[in-house]
Amino acid sequence: MPILEIKSEQNEQGTALTSIQSVLAAFAIILIDLLGRAGLDKALALTGGPAVVALWAQLQSVVELVSTVALTGVLQGLTVLISQAGGPRAERGLLREALRLGLASSLAAALFAPLLGHWLTGGELDADLFWYAALSGCIMVVPATLSAYWLGKHRQQRMLGLALLTSSVLLLAAAGAWLGMSLRGLMLTQCLALLLIGGSIWRYLGKLSGDRAPASERKEYFDALVKFVPVGLAIGIMSPVSVLLVRGMLSGTLSWDEVGFIQALWRSTEWVTATAAGVLSLVFLPRLSSTRGSGQFNCEMTRTAVMVLIPSACLLLLIYLNQRAMLAALYDARFMVSDETAALFMLGSWVRIASWVFLFGLYAAHRTKLIVASEVLSLPLYALLLWLFADGMTLERTALLYLASYLVYLGFTALALMLPLRAQNTSAGTTRS
């Protein structure tokens, strides 16, 4: 019998997996992250202005490039497989292999990310700042591994405590920004804080994963997780690189100040998009994973779409109606965009959330090749469209192209998930007949 046997009882009782306390903890985790980022951006806007906000975002895109290679690949796979694992022995083995694979993936990305980030920023920042960003991204994999493990076991309350601990990094950076600390000082503060947190969690993970399993079992765990590595490489590299490229191109066709305005608009919509992504990851991914292969999967997909898309639409409309006041509150009165730009960007953000519903369905169904293929049609497509239509670029056009790219992405992810499901249902109906 394989070590990674599926827990069939979860397929029958998937709806019972997520308690009210777990849902509340998930929302608290999302809110903590959003508040920390908003406070840091506010401090940067008041002490440095739109250009500093944009340049800090470039540095953080390198952090995300290095860490997201593991987060969206191996660690998403860890959550899915822990939800489906047959017992504590398999869970410990998966945790051990996931930490090893996740760190290896991030270290590989860290070898080229700083050079790429420095080049795409046009030399506006010293190269060593991007190496600090890469180091931060590598360290972030350690607490993220523990968080992914707990998520697979539906222990969102424990994840909340970890989120409070890691949010202290944003708090320290925000305090440094208020005190007028340079970007170099902020990056050093971020690295040191993450080293202290990551070191303590590393020791805890060593105790949690226990002794090494026999070689045959380790190979099984490795083979199950390695299928998600291409997904992490695709999303973890293409998305942050595309964002770096987008800001770099817009700084040439517009200016760094206007890039700061777009970054502010992006951050204002993140109150909705990041919440939706967090709910999909922290609440619905374990549920979808637990119902994989059963008739309940389709019902869970419908439930996910309804519970995520309707509130998201209402909240994005509310932000649009108050976008000037919100940008001034989150940043300052200098941060302004036209109503047309805001409307197109809000609609593009909603379409982006809709595509994520199908994306997480593909994760739960282990359709990693389709996830890799679809990633080209999101932010990489947006960067390509900005390059093709660079002449006479305006903020309105950047928002329109953002909407267009995610309409294509939504169409692909929906077809990638639903067509195989329809074929399976048709085949099952024929067999019963």
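**Aromatic pairs in a predicted model**

Tyr406 is buried, its relative accessible area being 2%. This residue belongs to a predicted model, in which ten aromatic pairs are found. A pair of aromatic rings is described by the distance of the centres and the angle of the planes, and two of the pairs are set out below in those terms, together with the burial of their members.

**The pair Tyr406 and Tyr409**

- The ring centres of Tyr406 and Tyr409 lie 5.8 Å apart with their planes at 75°, so this pair counts as edge-to-face, given that angles over 60 degrees fall in that class.
- Both residues sit in helix 18, which spans residues 395-432, and they are three residues apart, or about one turn of the helix.
- Tyr409, with a relative accessibility of 2%, is classed as buried, because the cut-off for that class is under 20%.

**The cluster around them**

- Tyr406 and Tyr409 also belong to one aromatic cluster, which they form with Trp266, Phe345, Tyr382 and Tyr402.

**The pair Trp150 and Tyr204**

- Among the ten aromatic pairs is the one formed by Trp150 and Tyr204, which is tilted, with 6.3 Å from centre to centre and 55° between the planes.
- Because Trp150 lies in helix 7 (residues 127-152) and Tyr204 in helix 9 (residues 183-209), the pair ties together parts that are 54 residues apart in sequence.
- Trp150 is buried, at a relative accessible area of 8%, whereas Tyr204, with 33% relative accessibility, counts as partly exposed.

Methods: Residues are numbered from 1 along each chain as its sequence is written. This is a predicted model: local features need pLDDT of at least 70, side-chain atom pairs count only at pLDDT 80 or more; totals for chains, interfaces and linings use all residues. Side-chain values use heavy atoms; hydrogens and water are left out. Rings of Phe, Tyr and Trp (its six-membered ring) pair if their centres lie within 6.5 Å; planes under 30 degrees apart count as stacked, over 60 as edge-to-face and the rest as tilted. Helices (H or I, at least four residues) and strands (E, at least two) are DSSP runs, numbered from the N terminus. Buried means under 20% relative accessible area, exposed over 50%, partly exposed in between (1.4 Å probe, protein chains only).
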